[in-house]
Amino acid sequence: MEGFTLATAFKDLEVIILAAGRGTRMCSSIPKVLHPLAGKPLLQHVIDTAKQLSPTQIHVVVGHGADAVQAALANQKLTFHTQVEQLGTGDAVACALPACKPNTAVLVLFGDVPLIALSTLQALITGAQDNPIMLAARLDNPGGYGRVLRDEKGDFLAVVEQADASETQALINEVNTGVLAAPAEQLVALLNRVENDNAQKEYYLPDVLGLAQQEGTEVAIAVTEDPFEMYGVNDRLQLQTLERALQCRRADALMAAGVAVADRQRIDIRGELDCGVDVEIDINVVFEGRVSLGDGVKIGAHCVLKDVVVASGTDIQPFCHLEGAVVGERCRIGPYARLRPGSILSETARVGNFVETKNTTLGVGSKANHLAYLGDTNIGAQSNIGAGTITCNYDGINKHHTTVGDAVFVGSNSTLVAPIDLSDGAFVAAGSVLTNNVSTKELAVGRARQRNISGWQRPDENKD
Ligand code: UD1
Ligand code: CA
């Protein structure tokens with residue numbers, strides 16, 4: 001038995017996320033870290049990634065707009081620390097560090113660097129068990145970021161902020177991503193020595209790395225291969241640029257999995273989208289919440305789908321809005337249809353233009369093809385709901401239910417005053433206002449009888 005050692009146990013992990021800054025360059029009354037990227041606050045992206053590292057605690061340092069930030073992150077098992085004055089990133093970390101347990105590894109993330117990858121962080125933590133480690137990146141345009149200074153041998157010296165950099169230093173294209181990890185005790189000792197004698201009169205967190213190097217503590221530098229994950233958001237143009245870059249990546253992943261995306265520049269996935277093969281997504285479709293599309297589903301241009309399940313072979317034509325709906329196989333929806341929460345369509349059902357459904361089921365092969373409102377309604381199989389049919393489900397105080405059986409025919413422009421029940425095979429004459437139930441195979445005519453008056457004299461023009 002030679003060279004046999006037991007694996008050293010990894011230190012527990014504490015994550016500190018900085019989110020106290022004002023975000024002046026956003027020119028917004030909303031704190032920067034709450035601005036949405038792909039439908040989710042910037043800070044939430046960072047928190048969701050941090051959670052996947054299973055840390056013992058996630059600390060969030062808040063300051064500017066603290067109440068709004070805390071409210072937006074309620075019920076997530078986070079530990080908040082308030083940085084009263086925004087004296088710099090070093091000061092912000094110092095607000096949370098005393099709450100970190102000894103003998104842990106501390107990972108610092110920035111609330112405005114939202115797309116940092118889990119695998120990058122895992123590698124970084126592994127390197128931060130005994131020494132500080134920072135994540136750097138090489139950028140074609142390093143403007144605005146802290147630059148990484150190295151000596152002639154290429155060994156790390158320090159990070160210099162843009163505001164403090166000489167002209168030559170400003171040419172360096174290796175930058176600090178802002179992500180840093182270190183053993184807790186080391187970080188405490190180093191931070192205590194950070195001063196604010198710089199252009200911005202701030203306590204800079206990256207100064208701990210220069211100090212560590214000076215005292216002979218080895219500083220590891222990991223360089224990310226993918227600058228995309230380290231882009232920080234400081235203004236609205238950067239936010240928009242990152243949003244589009246993220247959406248293009250999502251579109252590319254869909255295409256790689258067999259989805260036909262009409263234009264990667266014109267798709268917005270602001271939640272989770274699962275697709276089968278040969279799904280077709282035309283331009284300007286917005287997906288929110290959780291959306292699942294079965295094989296061969298077609299989504300026409302300009303649709304919005306939120307929390308929707310669509311089974312295979314269904315065709316959703318342009319300009320539809322679906323929310324909280326479940327759509328069966330081979331249905332046809334739209335153009336211009338609106339399915340509201342609780343809409344459930346069985347296979348081959350059809351909902352056409354200017355039809356609104358809410359809390360309504362349509363059975364196999366049933367159709368509501370034009371201009372209708374169906375609310376709190378259960379419709380059986382193979383029924384036809386004529387153009388202009390309205391279910392009057394609301395009496396001003398309470399909602400009432402409508403039941404329509406199988407193979408029912410509701411003529412155009414009918415008004416069904418709920419509660420009401422149309423049994424299997426019932427037939428409703430066009431233009432009816434129905435307040436009573438209709439039994440199987442009955443014809444209901446609920447309209448004034450037509451009178452024709454012969455020899456009708458048209459009124460004269462008014463001579464007054
Ligand atoms: C920072 C780094 C820079 C790095 C860049 C990467 C410092 C001094 N500079 O610059 O080296 O290249 O990020 O994106 O760290 N914050 C607080 N309290 C404060 C100040 C900031 O919580 O007192 C938070 C902000 O809300 C933000 C993060 O820290 O989430 C970064 O602050 P920001 O002012 O944007 O730093 P940068 O100038 O971008
Ligand atoms: Ca920043």
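Guide: A strand here is a DSSP run of E, at least two residues in length, and strands are numbered from the N terminus. Keep in mind that this is a predicted model. With that, you can place N284: its spot is the loop between β14 (280-281) and β15 (285-293).

Visitor: Why does N284 count as partly exposed?

Guide: Check its relative accessibility, which is 30%. Buried means under 20% and exposed means over 50%, with partly exposed in between. The value for N284 falls in between, so partly exposed is the right label.

Visitor: And what makes the phi of N284 worth a look?

Guide: N284 has a positive phi of about 60°, although it isn't a glycine. Most residues other than glycine have a negative phi. H302 is another non-glycine with a positive phi, about 65° in this case. You'll find H302 in the loop between β16 (298-299) and β17 (304-310).

Visitor: How do you know which class H302 belongs to, buried, partly exposed or exposed?

Guide: Go by the number again: H302 has 31% relative accessibility, so it counts as partly exposed.

Visitor: Then why is H45 called buried?

Guide: H45 comes out at 7% relative accessibility. The cut-off for buried is under 20%, so H45 qualifies. H45 is part of helix α1 (residues 42-51). Leaving aside neighbours within four places in sequence, H45 touches L37, K40, P114 and L115.

Visitor: What makes the peptide bond from G334 to P335 cis?

Guide: Its omega is near 0°. P335 sits in the loop between β21 (332-333) and β22 (338-339). A418 and P419 are also joined by a cis peptide bond, with omega about 0°, and P419 lies in the loop between β30 (415-417) and β31 (420-422). Most peptide bonds are trans.

Visitor: Let's turn to the domains. How do you know that R249 and D226 form a salt bridge?

Guide: Their side chains meet at 3.0 Å, N to O. The limit is within 4 Å, so the pair passes. The count between domain 1 (12-230) and domain 2 (249-444) is one salt bridge. By class, the side of domain 1 that touches domain 2 has two nonpolar, one polar and one charged residues.

Visitor: How many residues are in contact between domain 1 and domain 2, and how much area do they bury?

Guide: Four residues of domain 1 are in contact with five of domain 2. The two domains bury about 320 Å² between them, 54% of it on carbon and sulfur atoms. Their centres, taken over C-alpha atoms, are 48 Å apart.

Definitions and conventions
Residues numbered from 1 in each chain as written. Chains lettered and ligands numbered in written order. Predicted model: local features only at pLDDT ≥ 70, side-chain atom pairs only at ≥ 80, totals over all residues. Heavy atoms only, no water. Helix = DSSP H or I, 4+ residues; strand = E, 2+ residues; numbered from the N terminus. Buried < 20%, exposed > 50% of the residue type's maximum accessible area, 1.4 Å probe, protein only. Contact = heavy atoms within 4.5 Å. Domains from an automatic or database assignment. Buried area = accessible area lost by both parts, 1.4 Å probe. Nonpolar A, V, L, I, M, F, W, Y, C, P; charged D, E, K, R; others polar.
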